[in-house]
Amino acid sequence: MKIFVLEDDINRIAQFRRKLHKHTVTYCDQVELAKTLLLTERYEVIFFDHDLGGEQMVDSSHPNTGYQLAKWIREKDMHFDQIVIHSLNPIGVANIYNEVKTLAKD
């Protein structure tokens, strides 16, 4: 399975590496780079963190957030088998969910 993970925390990335070792996983911590990667590859599953760049409780209007990527994905009408939001920012989670809730089978 091809999986895309938007995440900046090295501890979480280590956890993902252990748990997803049987899959092909692409890790990214920058929204602009993520857009390029998502246009060049087809992923079945996408994981979203909201707060990137080592920051916490970032406003969704900041350009380097999971919300901004989710909004772009909706605008591009990209679909995935599964979308997982794993952020600790409750407002960011709600914002991402509202953008992607119709773009996944699961």
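Start with the salt bridges: a search of the whole structure, which is a predicted model, finds six of them. Side chains of opposite charge can pair when their charged atoms come close.

**Stop 1: Glu41 and Lys2**

Select Glu41 and Lys2. The two form a salt bridge, and their closest N and O atoms are 2.2 Å apart. Glu41 sits in the loop between helix H2 (31-40) and strand E3 (45-48), while Lys2 belongs to strand E1 (residues 2-6), so the pair ties together parts that are 39 residues apart in sequence. Add a surface to check the exposure of each partner. Glu41 has a relative accessible area of 38% and is partly exposed. Lys2 is also partly exposed, at 26% relative accessibility.

**Stop 2: Glu7, Arg12 and Asp49**

Next, select Glu7 and Arg12. This salt bridge has its closest N and O atoms 3.1 Å apart. Is Glu7 buried or exposed? Its relative accessibility is 1%, under the 20% cut-off, so Glu7 counts as buried. Now add Asp49 to the selection: Glu7, Arg12 and Asp49 are linked in a network of salt bridges.

**Stop 3: Lys35 and Glu32**

Move to helix H2 and select Lys35 and Glu32. A salt bridge joins them, with 3.1 Å between the closest N and O atoms. Where the first stop tied together parts 39 residues apart in sequence, Lys35 and Glu32 are three residues apart in helix H2, a separation of about one helical turn. The accessibility of the partners is worth displaying here. Lys35 is buried, with a relative accessible area of 17%, whereas Glu32 is exposed, at 55%.

**Stop 4: helices H3 and H4**

Leave the salt bridges and select residues 66-76, which make up helix H3, together with residues 90-100, which make up helix H4. Two packed helices are described by the angle between their axes and the distance between the axes. For H3 and H4 the angle is about 10° and the axes are 8 Å apart. Angles under 35 degrees count as roughly parallel, and H3 and H4 are therefore roughly parallel to each other.

Which residues in H3 and H4 meet? Show side chains for these two sets:

- From H3: Gly66, Tyr67, Ala70, Lys71 and Arg74.
- From H4: Asn95, Ile96, Glu99 and Val100.

Colour this contact by residue class to finish the tour. The residues of the contact of H3 with H4 comprise four nonpolar, two polar and three charged.

Methods:
Residues are numbered from 1 along each chain as its sequence is written. This is a predicted model: local features need pLDDT of at least 70, side-chain atom pairs count only at pLDDT 80 or more; totals for chains, interfaces and linings use all residues. Side-chain values use heavy atoms; hydrogens and water are left out. Axes are lines fitted to C-alpha atoms, for helices over the stretch in contact, and angles run from 0 to 180 degrees between N-to-C directions. Helices (H or I, at least four residues) and strands (E, at least two) are DSSP runs, numbered from the N terminus. Angles under 35 degrees count as roughly parallel, over 145 as roughly antiparallel, 65 to 115 as roughly perpendicular and the rest as oblique. Contact means heavy atoms within 4.5 Å. Ala, Val, Leu, Ile, Met, Phe, Trp, Tyr, Cys and Pro count as nonpolar, Asp, Glu, Lys and Arg as charged, and the others, Gly among them, as polar. A salt bridge is a side-chain nitrogen of Lys or Arg within 4 Å of a carboxyl oxygen of Asp or Glu. Buried means under 20% relative accessible area, exposed over 50%, partly exposed in between (1.4 Å probe, protein chains only).
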